[in-house]
Amino acid sequence: MAATTSFPYSSAIFLSILIISGFMFPVTVNSMGINYGQIANNLPSPDDVVPLVKSIGISKIKLYDADPKVLKAFANTGVEFIVGLPNEYLAKVQDPAQAQSWVKSNVQAHLPATNITCIFVGNEVLTFNDTSLSNNLLPAMQSVHTALVGLGLDKQVTVTTAHSLSILQTSYPPSAGAFRRDLTGCITPILNFHAKTGSPFLINAYPYFAYKSNPKQVPLEYVLFQPNSGSLDPATNLHYDNMLFAQIDAVYSALGSLGFKKLPVHISETGWPSKGDEDEAGATPENAKKYNGNLIKLICQKKGTPLRPGSDLNIYVFALFNENMKPGPSSERNFGLFKPDGSPAYSIGLSTGNISFGNSNSSSSSGSGSSSGQGQVNPISNGWSPSGSSGTPYLSISSAPATVREIPCDWLDCDDVAAGLVVDEKLRAKYPKLLQIRSQNLKGRWINRRGYLGIRNKDNYYLFIIQCLNNNSSGLGVGG
C-alpha cells in the first residue's frame with residue numbers, strides 16, 4: 001500500500017502552456033494522447049490536472065486503471081479516455097457476472113459525462129511468457145466485450161489489450177516484421193477478435209530503449225527524428241528517417257503476414273526520459289525535448305508512416321507527470337512532460353500561461369494497478385521492459401546496489417529478499433543461455449512477472465529475480 005500524503009498546492013504556482021514552432025499547444029496537438037500514470041505521492045489532485053490537460057490541448061488520456069477520481073474530474077470535458085483492466089483481473093472477469101460488475105462500476109457509472117471510448121484488458125501480457133496470464137487474455141477480452149454488449153455499450157466502448165514490441169520475432173527491415181512464432185497461436189485469435197469487434201491493435205514502442213541498449217550502433221539522430229541518412233527497406237524501397245516509424249511499419253507488416261492488413265494500429269505508449277543514471281545513455285532533458293518535440297510536430301502534421309502514409313498515428317505520449325515512486329533506475333521516474341507542480345520537466349519552446357492550480361491535496365499513488373483509485377500500487381498490472389526492449393518501463397527493477405548469488409529455485413525463501421534489487425547487465429552476459437523462466441508460487445506469497453517475482457510486506461513491494469538456467473534446477477538470485 002502506497003503512502004498517502006497531503007500536499008497543498010499554492011494558487012501562485014502557474015502551469016505552462018507549451019509553444020511549438022510559434023503555435024500554442026492547444027491549437028496544434030488536439031489529436032495527441034497522453035498516458036496519465038499515478039505511481040507517485042506528490043501529484044496534483046485530478047481536479048487540478050484538468051486545467052493543465054486543457055491548457056496543452058490534450059484530447060485523449062490513457063489510464064492504467066479506472067480511477068474514479070480521475071474519471072469524475074474529467075466529466076463533461078470531452079476528453080476521450082482509455083481505461084485499463086489490470087492483469088490480475090484477467091481470470092476473474094472471465095466470469096460473465098464479474099465482467100458485467102466491473103463494467104458497470106468502472107465504465108457505465110461514468111457515462112455519458114466522461115467520454116470513455118475504450119478498455120484495454122491487460123498490459124503487455126504476452127511479454128511475460130506466463131501461460132497463466134496469456135491463456136486468460138482473450139477469454140477476458142471476450143467476456144468484457146460481452147458485458148458491454150449486454151449493457152448496450154459496445155458501439156461506444158471497444159475492447160483491446162496493449163502489447164510491447166517484444167512480441168515481434170523480427171522488426172528489421174520493417175517489411176520483414178513478424179510475430180514471434182511461439183505467440184502465433186495466441187495472437188491470431190486476438191486479431192480475429194479485433195477484426196470482428198472493430199477495436200484497435202495497441203503497441204508500446206520506445207526507440208529510447210533501442211538506443212539505450214546500443215548507443216554506439218544506433219544513431220541518436222535516427223531515434224530523435226533529426227536529419228540523418230536513414231535506412232532503405234530493400235523489399236519495399238521505402239525510406240525511413242526515424243526508428244519509431246520503422247517500428248510501427250514492422251507491426252503493420254506482422255499483421256499483414258497473418259492476413260490483417262486493415263487492422264488499425266494505435267501507439268499506446270512512446271516517450272523519452274529527461275533524466276537517468278550514469279549508465280543510461282541518452283536520458284537527458286535535451287534528448288527528451290528533441291524526441292517529444294519532434295514527435296508532436298509529426299502528430300500535428302498528421303503524417304503517417306512510409307508504409308501507411310494516410311493513416312492516423314493515434315499516438316499516446318508517455319507520460320503526463322514524472323512519478324517519484326516508480327522503482328528502478330532514475331529514468332523510470334522521469335518520463336513526464338511535467339513535474340508534479342505543473343511546471344515543465346524540460347523546455348519544448350515554453351511560454352508561461354496564467355492558469356494556476358487551486359489549493360488542493362495531492363493524489364495518492366494509484367498508477368496502473370488500482371482500479372479503485374485508492375492509492376494501491378499493484379505490482380502485476382504493468383509490464384517491465386529490460387534494456388533494449390521496446391515496452392514501457394512502467395514498473396521496473398530497482399537500481400540500488402545488490403549482491404549476486406546462485407541459489408536453488410526450489411528453495412527460495414522470503415528471507416532471501418531485501419529492498420533495492422537490480423539486474424546487472426554483466427550478469428545477463430555471464431548467463432547468455434537462460435531458458436524460459438519458470439513460474440512459481442512460493443507459499444502463496446510470490447507473484448510471477450516474466451520471471452521477476454515479488455514479495456509484499458505490510459509497507460512495501462519488493463522485486464526479486466529468478467531466471468532458470470539450462471538445467472532448470474537453479475536460478476539467479478539478486479538480493480540486497
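Select helix 2 (residues 46-55) and step past its end to Gly57, a residue with a positive phi near 75 degrees that follows the helix. Helices here are DSSP runs of H or I with at least four residues, strands are runs of E with at least two, and both are numbered from the N terminus. The model is predicted, so local features need pLDDT of at least 70 and side-chain atom pairs count only at pLDDT 80 or more, while totals for chains, interfaces and linings use all residues. Residues are numbered from 1 along each chain as its sequence is written, and side-chain values use heavy atoms, with hydrogens and water left out.

**Helix 2 and the loop after it**

Colour helix 2 by burial: seven of its 10 residues are buried, and the helix is mostly covered. Buried means under 20% relative accessible area, exposed means over 50%, and partly exposed lies in between, for a 1.4 Å probe and protein chains only. The residues to highlight are Pro46, Asp48, Val49, Val50, Leu52, Val53 and Ser55.

Continue to Ser59, in the loop between helix 2 and strand 4 (60-62). Ser59 has 21% relative accessibility and therefore counts as partly exposed. Now add Phe81: its C-alpha atom and that of Ser59 are separated by 8.8 Å, although the two residues are 22 apart along the chain.

**Val121 and its surroundings**

Next select Val121, which is placed in strand 6. With 0% relative accessibility, Val121 counts as buried. Which residues touch Val121 when those up to four places away in sequence are not counted? They are Leu85, Leu90, Leu137, Ala140, Met141, Val144, Val159, Thr160 and Thr161, where contact means heavy atoms within 4.5 Å. A distance to display is that from Val121 to Tyr64: their C-alpha atoms are separated by 9.9 Å, with their positions 57 residues apart along the chain.

**Helix 5 and its two partners**

Show helix 5 (residues 131-150) together with helix 6 (residues 184-197); their axes come within 10 Å and cross at roughly 15 degrees. Helix 5 is therefore roughly parallel to helix 6. Axes are lines fitted to C-alpha atoms, for helices over the stretch in contact, and angles run from 0 to 180 degrees between N-to-C directions. Angles under 35 degrees count as roughly parallel, over 145 as roughly antiparallel, 65 to 115 as roughly perpendicular and the rest as oblique.

The crossing of helix 5 and helix 6 is left-handed. To see the contact, select Ser134, Leu137, Leu138, Met141, Gln142 and His145 in helix 5, which meet Cys186, Pro189, Ile190, Phe193, His194 and Thr197 in helix 6. By class, this contact has seven nonpolar, five polar and no charged residues. Ala, Val, Leu, Ile, Met, Phe, Trp, Tyr, Cys and Pro count as nonpolar, Asp, Glu, Lys and Arg as charged, and the others, Gly among them, as polar.

Then replace helix 6 with helix 4, which packs against helix 5 at an angle of about 65 degrees, the axes being 8 Å apart. The contact is made by Pro96, Ala99, Gln100 and Val103 of helix 4 and Ser143, Val144, Ala147 and Leu148 of helix 5. Its residues are six nonpolar, two polar and no charged.

**Cis peptide bonds**

Select Leu111 and Pro112, joined by a cis peptide bond with omega about 0 degrees. Pro112 lies in the loop between helix 4 (96-106) and strand 6 (115-123). Another cis bond runs from Phe318 to Ala319, with omega near 10 degrees. Ala319 is in the loop between strand 14 (315-318) and strand 15 (350-356).

**Positive phi values**

Go to Phe225, in the loop between helix 8 (220-223) and strand 11 (231-233). Its phi is near 60 degrees, a positive value in a residue other than glycine. Phe225 is buried, with a relative accessible area of 14%.

Finally, select helix 10 (residues 285-300), which has 16 residues. Its buried residues include Asn287, Tyr291, Leu295 and Ile299. Lys302 follows helix 10 and has a positive phi near 50 degrees. Is Lys302 buried or exposed? Lys302 is exposed, with a relative accessible area of 61%.

**The whole protein**

Zoom out to the full chain fold, with 11 helices and 20 strands. Of the 480 residues of the protein, 57% count as buried.

Key. Expected span 1.5 Å × (residues − 1). Left-handed = near helix turned anticlockwise from the far one by under 90°.
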